Structures are given as C-alpha cells and as structure tokens.
Amino acid sequence: MEDLIKRAAKDLAASKYAIALTGAGMSTESGIPDFRGPKGVWTTNREAEATAHRRYSLFLQDPRAYWEDMLGLKGAYGTFYEEIRQARPNAGHYALAELESLGILKCVITQNIDGLHEQAGSRRVLEYHGSIRALRCLACGSRFAREEVSLEELPPRCRCGFPLKYDVVHFQEPIPADVIRESEREASRCDLMLICGTSAVVYPFADLPRVARFGSRRPVADIDVVGHRAGVKIVEVNAEETPLTHGGMSDYLIRGKTGEILPALCEALHHSL
Ligand code: APR
C-alpha cells in the first residue's frame, strides 16, 4: 500500500485541478454506518431500504405522512439519523480539508448528507445527495437551515406555500439542477479524481468518473466523438474493489481505510512538495 500512497502523492503533486468524490465509507470511522458494506444500513435492514425507495413518492402524495415517517424513524435507519447528529469528522475528512488548504484539492463532491466535510474545514463541498441539516422547497428551490424552520405544524411550508422536505435526495428524486451542473463542470475540468469510500453503484453520481475520463455522460459510442481526456488520473481509496476498479475506469485502488490512507497521503505529499 505504501508504494501506491507514494504514487498517489506524486500524482496529486503533479495535478493542476484535483477533486475528490466521497461516499458513506468516509464516515464509517465517525460512527455512521455505510449502506452496502458488511454492516451497512441496507445490508442489515432490507425493509429500511425498501421504505427509503418509497419516501419521495410518499412526500409527493402525503407530505404530512412523509414528515411523520421521517421524524419517527425507527430501527437501524432511525438510529442512522441519530448517529449523524452525534458524529464528528474523522482523520479522513481532515486530510481532504488539508489537501484543499494546500491548494491541491479544489472541490469535494460528496454523496454524504452528514455535513462532516464542512465541519472538518473543507470549504468547496457539493452535497450531491443534499444535507440532513437543511430543508428544501421543490417548487421554488429555496433552502432553509433545519433549525430555522418550526416543525410545530406538519408539513412545514415554504414562504411560497409549498410543503418543505428534508434537503436529502431520496431514491427516484431528481438531483437538484444546480448541483448536477456544478458537479459535471468540476468533473469535466479535473485532471485528478480521488474517489473515497463509495461503492460507485448509485447513478448519476457514479457517472462522474466517466465525465472526468471522457468529458461527457453520453454513452461510450458518442464519446469517441467527444474524445478521451488525455492525462486524467482516477484514484480510488476504498475498503474493497468497486465496479470502477473492475471496469478499469479507475487507474488504481489504494485498498484500506480512508481514515488511515488519506492522512498518510497528506504526509507523503508534504515530503514530495
Ligand atoms: N474506508 C474505506 N472504504 C470504506 C470504509 C472505510 N473506513 N468503510 C466503508 N467503506 C467502503 C465500503 O466497502 C463500500 O464500498 O465504502 C463503500 C460505501 O458504499 P455504500 O455503503 O454503497 O455508500 P455510498 O457509495 O455512499 O452509497 C451511495 O446510496 O443509499 C444511497 O443515498 C445513499 O448516498 C448514498 C448512495
């Protein structure tokens, strides 16, 4: 692993525009379970996963029932939200914030809703699946900090009158257009993508490495027209191989814990700068 860390440090030092993509594996060392790892929330509670898949349509049909469900979360998924509220950043989050302060990492695009990247000091963070710390209006796009909104009356309403929901992107819910646009812009301009702690099976997030590699999410056939972005490096940091590893989309996988590898990467980088 040490050689791969040294290789990644060299690649990062040589990069002009590095970004990081992160998933739930970043936060397991902060006590928040992931979804599909051996003790993941979906792995251990299929019912919770099935309920999560129905949540967006529940909001659209009966916003009050959605809120009663979200506030009364029981079982593994319910404790998941509790674990998020108690969680603190781990060494992996601080390492990415340090890479940003060194001017190397330009942006973190995270699937995590726990806000731990910002808590660790990362300033440019795109929350691809939203945040548990905010509420959003689907009608006018307004966002509110969770503590700004009273939950006396359910559902809470936006100033425009439409019911508010958590600013968490549920299954089948479209990713907010502003986040999609920004994320694809970052992916299509990076020359190094560090992919940390994600199983890379949820789309359209899992398409971002393709955008980095080929400059577009279009199917491969078209991409020959768009052209391969030469010199782009895609590096995975994960406890296990993913479809990006198997499919050759990533150049190499540094296998292990993000909370150990990312600080070691920072350390190695200091030696090479
Ligand atoms: N260090 C490195 N990798 C880890 C660690 C760790 N400490 N802990 C777990 N992992 C790995 C797991 O092996 C797995 O490959 O991180 C990955 C986490 O994958 P998932 O649990 O699928 O989480 P994620 O990829 O973020 O899920 C994407 O699915 O349910 C939706 O909206 C939810 O944003 C989430 C999305």
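This is a short walk through one predicted model, taking in a helix, the nonpolar cores, the ligand site, two groups of strands and two loop residues.

Let me begin with helix α6, which spans residues 91–101. The buried residues in this helix are Gly92, His93, Ala95, Leu96, Ala97, Leu99 and Glu100, and they pack against the helices α1, α7 and α12 as well as the strands β1, β2 and β7. In general, an α-helix has 3.6 residues a turn, so residues three or four places apart point the same way. At the N-terminal end of α6 the cap is Asn90, with a side-chain oxygen that lies 2.7 Å from the backbone nitrogen of Gly92, and just after the helix you will find Gly103, which takes a positive phi of about 80°.

From there we can move to the nonpolar interior. The largest nonpolar core has 27 residues, and among those with the most contacts inside it are Leu96, Leu99, Leu12 and Leu265. At least two residues of this core come from each of α1, β1, α6, β2, β7, β8, β9 and α12, and the largest share, 6 residues, is supplied by α12. If you select Leu12 on the screen, and set aside residues up to four places away in sequence, you will see that Leu12 touches Ala18, Leu99, Ile104, Leu192, Leu265 and Leu269. There is also a second, separate core of 26 residues, and this one includes Trp42, Ala87, Leu135 and Leu154.

One of the strands that supplies the largest core is β7, and here 5 of its 5 residues are buried. Leu192, Leu194 and Cys196 point one way from β7, while Met193 and Ile195 point the other way. Which strands pair with β7? On one hand β1 runs parallel to β7 and is joined to it by 5 bridges, with Thr22 standing opposite Cys196; on the other hand β8 also pairs with β7 in the parallel sense, again over 5 bridges, and there the bridge partner of Leu192 is Lys233.

Now to the ligand. Which residues are closest to the ligand? Of the 23 residues that surround it, the closest are Phe35, Arg36, Thr198, Ser199 and Glu240. A backbone N or O atom of Phe35 lies 2.7 Å from an oxygen atom of the ligand, and for Arg36 it is a polar side-chain atom that lies 2.7 Å from an oxygen atom of the ligand. Gly197 contributes a backbone N or O atom, in this case 3.4 Å from an oxygen atom of the ligand. Taken on its own, the ligand has 740 Å² of accessible area, and the protein covers 93% of that.

The next group of strands is built around β4, residues 130–137, which is mostly covered, with 7 of its 8 residues buried. β4 pairs with β6 in the antiparallel sense over 5 bridges, and in that pairing Cys137 stands opposite Leu164. β4 also pairs with β5, again antiparallel, over 3 bridges, where Arg136 has Arg143 as its bridge partner. β4 and β5 form a hairpin with 5 residues between them, and Gly141, in the turn, has a positive phi of about 85°.

I would like to finish with two loop residues. Phe162 sits in the loop between β5 and β6. Why does Phe162 count as partly exposed? Its relative accessibility is 33%, and the partly exposed class is the one that lies between the buried limit of 20% and the exposed limit of 50%. Not counting residues up to four places away in sequence, Phe162 touches Phe59, Cys137, Leu138, Ala139, Pro156 and Arg157. Phe162 and Pro63 are 99 residues apart in sequence, yet their C-alpha atoms are 10.0 Å apart in space.

The second residue is Ser27, in the loop between β1 and α2. Is Ser27 buried or exposed? Ser27 is buried, because its relative accessible area is 1%, and buried means under 20%. The side chain of Ser27 makes a polar contact with the side chain of Asp114, at 2.6 Å. Leaving aside neighbours within four places in sequence, the contacts of Ser27 are Ile32, Asn90, His93, Asn112, Asp114 and Leu116, and this list takes us back to helix α6, since Asn90 is its N-terminal cap and His93 is one of its buried residues.

Notes. Residues are numbered from 1 along each chain as its sequence is written. This is a predicted model: local features need pLDDT of at least 70, side-chain atom pairs count only at pLDDT 80 or more; totals for chains, interfaces and linings use all residues. Side-chain values use heavy atoms; hydrogens and water are left out. Buried means under 20% relative accessible area, exposed over 50%, partly exposed in between (1.4 Å probe, protein chains only). Helices (H or I, at least four residues) and strands (E, at least two) are DSSP runs, numbered from the N terminus. Contact means heavy atoms within 4.5 Å. A polar contact is a pair of N or O atoms within 3.5 Å; within protein, one must be able to donate a hydrogen and the other to accept it, and residues adjacent in sequence count only if both atoms are side-chain atoms. A nonpolar core is a set of buried Ala, Val, Leu, Ile, Met, Phe, Trp, Tyr and Cys residues joined through side-chain atoms within 4.5 Å. A residue is near a molecule or strand if one of its heavy atoms lies within 4 Å of it. Accessible areas come from the Shrake-Rupley method with a 1.4 Å probe; for residues, only the protein chains shown count as cover. Two strands pair if DSSP finds at least two bridges between them.
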